[in-house]
Amino acid sequence: MRASQIFIPTLKETPAEAELISHQLLLRGGFIRRLASGLYTWMPLGLRVLRKVERVVREEMDRSGAQELLMPLVQPAELWQESGRWEQYGPELLRLRDRHNRDFCMGPTHEEVISDLVRREIHSYRQLPVNFYQIQTKFRDEIRPRFGLMRGREFIMKDAYSFHMDHASLEITYQTMYEAYQRTFTRLGLNFRAVEADNGAIGGKRSHEFHVLADSGEDAIVSCHHCDYAANMEKAQSRPETAEAEMPLAAAQVQTPGIRSVAEQAEHLGISTAKIVKTVLVVADGKIIMLLLRGDDELNLVKAGHALNAQDVHLASSAEAVSATGAPLGFIGPKDPLLPISIMADHRAFGVANFSTGANAADLHWINLNWDRDLPRPAAADLRNVRAGDACPHCQEGRLSIRRGIEVGHVFQLGERYSKSMGITVLDETGRDATVTMGCYGIGVSRVVAAAVEQHFDDRGITWPVALAPFEVGIVAINARKSPEVAAAAQALHDRLEAQGYSVLLDDRDERPGVQFATMDLIGLPHRIVVSDKVLAQGVWEYRARRATENVLLDETQLMDTLRKEHPRG
């Protein structure tokens with residue numbers, strides 16, 4: 001294709017609203033344009049990238065045995081009310097009414113719709129297992145859309161849903177989809193990691209997230225340097241440490257005027273934050289709970305929700321904390337609480353000897369408290385975020401490290417979360433009704449585009465993996481309008497490469513060479529070939545790989561060998 005025939009509205013300056021590098025470069029390269037907050041138009045160049053992602057995803061889904069369909073974006077409220085998510089999903093669910101005053105929503109996901117389809121169409125165990133997928137627009141009314149395609153309101157997603165007679169069948173499909181995702185992201189040229197994950201509001205039991213590793217990632221990814229253990233921060237665990245062995249000291253109350261934070265407490269008492277047992281008050285399904293952690297640990301609200309078997313867990317407000325404990329904020333502690341309150345401790349809090357904590361009175365803390373001697377041990381659970389250097393829970397030698405990741409895929413074992421609430425049953429081998437079990441598998445197709453840029457860029461622009469590049473080869477014809485020889489040679493090379501299966505962009509614009517080179521670097525094509533009177537006189541082509549720093553002169557055979565080595569053609 002000729003550059004003069006495709007609309008590529010590049011920008012010299014970075015738009016003010018663009019924070020992430022992917023947002024900046026996709027706007028500057030003319031791949032997308034903003035319509036409104038969280039809404040983007042895919043320009044011709046960007047759409048070529050998006051379609052490449054879709055093609056790889058579709059090929060791997062078809063290879064896995066999943067069947068493609070397409071469900072409506074607009075969904076009736078009755079289905080969401082039936083599943084219990086009409087209110088649970090919250091304000092991200094964009095609700096609307098039609099002219100007959102009937103409630104609908106713009107689908108952020110399609111569990112309800114596919115469940116309704118299956119309960120109407122599938123009636124026998126002989127029709128199972130089955131796995132349906134679609135690649136379609138979704139809408140989530142994000143409160144703060146930001147980072148361009150990374151967190152928009154409208155986006156393209158591949159979502160698949162499988163139905164089974166039993167968990168054993170679900171396990172087989174789950175593993176098949178897991179492997180399909182591994183192949184998909186490998187083919188797309190992404191550096192990614194699959195990690196254990198929490199299912200969250202979508203429900204179910206087992207799940208894995210697939211993260212593109214990038215410093216700009218919103219999620220913390222925990223992994224072991226010695227074994228294959230990996231999990232996101234919400235799910236990650238560490239191996240328990242050996243409890244401190246210290247001679248118990250005499251417990252005492254000490255004056256701590258105005259000392260409220262853990263850091264201030266440690267400095268005032270001359271101890272480390274690890275020698276403090278801190279109190280965190282949370283509201284779990286409307287009930288105030290006291291949670292205890294070692295002073296240098298952070299509370300993981302997702303883990304707390306599981307430990308407390310609560311759907312909604314959030315930090316208590318100052319007023320709620322004081323009202324529930326009767327003690328001033330900053331001085332609340334587990335020893336001799338002034339009011340009855342449920343208490344739960346993180347396992348690591350039990351490993352601290354001679355610890356300090358609040359004394360439930362203004363300007364007063366305990367020091368040298370010890371479990372069992374000075375106060376009973378409450379119920380225990382894993383409540384903390386792991387930290388870099390923690391011991392791996394799966395092997396004896398490993399230590400955990402933490403990296404940043406961008407979630408681009410997620411596979412779930414939903415179990416009977418939706419099939420029970422929506423009455424999806426089939427006749428089993430005995431002729432009795434049996435509830436089916438479900439799996440759910442998503443890929444953020446449009447997010448993959450942005451995540452790839454976060455991983456593949458330099459100071460000149462995007463450096464697309466070849467599987468994602470809008471064109472594989474860029475030909476720069478210098479002064480083609482003035483030199484018929486250059487124009488003819490560039491066109492002939494373009495035609496030969498396309499005949500061999502390469503996608504080629506021929507820059508035939510009447511622009512200075514510097515502008516042409518800058519455009520090629522910005523839009524990130526993997527290979528650049530320069531055609532000029534000078535190189536034609538030498539009987540060679542001037543070639544540079546996008547990630548290279550120097551040009552090389554290649555004859556026709558060498559050029560074709562170089563391209564073929566990078567991108568073999570059948």
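Author: Let's start with what a pocket is: on a 1 Å grid over the protein atoms alone, a pocket is an open set of points with protein on both sides within 12 Å along at least five of seven lines. A cavity is a set of points where a 1.4 Å probe fits but cannot get out, and lining residues are those with an atom within 4 Å of a point. Grid points are joined across faces, edges and corners, and a volume is the space filled by probe spheres set on the points.

Author: Before we go on, this is a predicted model, where local features need pLDDT of at least 70, side-chain atom pairs count only at pLDDT 80 or more, and totals for chains, interfaces and linings use all residues. Residues are numbered from 1 along each chain as its sequence is written, and side-chain values use heavy atoms, with hydrogens and water left out.

Reader: What volume does the second largest pocket have?

Author: About 370 Å³, filled by probe spheres as just described.

Reader: Which residues of the lining of the second largest pocket lie nearest its centre?

Author: R260, T279, V280, L329 and G330 do, out of 22 lining residues. The elements giving two or more residues are α7 (262-269), β14 (277-284), α9 (318-325) and β18 (355-358). Those labels come from DSSP runs, numbered from the N terminus: helices are H or I with at least four residues, strands are E with at least two. β14 gives the most, five residues.

Reader: What makes a lining residue nonpolar, polar or charged?

Author: Ala, Val, Leu, Ile, Met, Phe, Trp, Tyr, Cys and Pro count as nonpolar, Asp, Glu, Lys and Arg as charged, and the others, Gly among them, as polar. By that rule, the second largest pocket has eleven nonpolar, nine polar and two charged residues in its lining.

Reader: β18 came up there. Which strands does the open sheet hold, and in what order?

Author: The order is β13-β19-β18, with antiparallel pairing. Two strands pair if DSSP finds at least two bridges between them. β18 and β19 (residues 364-369) have three bridges, which meets that rule. One of the matches sets F355 opposite L369 in β19.

Reader: Why is one side of β13 and of β18 left without a neighbour in the sheet?

Author: β13 (252-255) and β18 stand at the edges, and each has a single partner strand, so one side of each stays free of a neighbour in the sheet. The twist averages 30° from one strand to the next. α7 packs on this sheet, touching β13, β18 and β19, and its direction makes about 130° with that of β18. Touching, or contact, means heavy atoms within 4.5 Å. Axes are lines fitted to C-alpha atoms, for helices over the stretch in contact, and angles run from 0 to 180 degrees between N-to-C directions.

Reader: What makes a residue buried, exposed or partly exposed?

Author: Buried means under 20% relative accessible area, exposed means over 50%, and partly exposed is in between (1.4 Å probe, protein chains only). Take Q237, in the loop between β12 (230-232) and β13. Its relative accessible area is 42%, so Q237 is called partly exposed. Q237 touches Y229, K303, D382, V386, P393 and L400, leaving aside residues up to four places away in sequence.

Reader: How many residues of strand β30 are buried?

Author: Four of the five in β30 (residues 541-545), so by the 20% limit the strand is mostly covered. β30 pairs with β29 (residues 527-531) in the antiparallel sense over four bridges, and R528 has R544 in β30 as its bridge partner. β30 also has three bridges to β31 (residues 552-554), again antiparallel, with Y543 opposite V552 in β31. A hairpin of six residues joins β30 to β31.

Reader: How many cavities of 30 Å³ or more does the rule count?

Author: Two. The largest has about 60 Å³ of space, with a lining of G474, M520, D521, L525, H527, R528, R544, A545 and R546. α13, β29 and β30 each supply at least two of those residues. By class, the lining has three nonpolar, two polar and four charged residues.

Reader: Which residues of α13 are buried?

Author: In α13 (residues 513-523), they are Q516, T519, M520, D521, L522 and I523. Their packing partners include α1 (21-28), α2 (44-64) and β29. G524 follows α13, with a positive phi near 80°.
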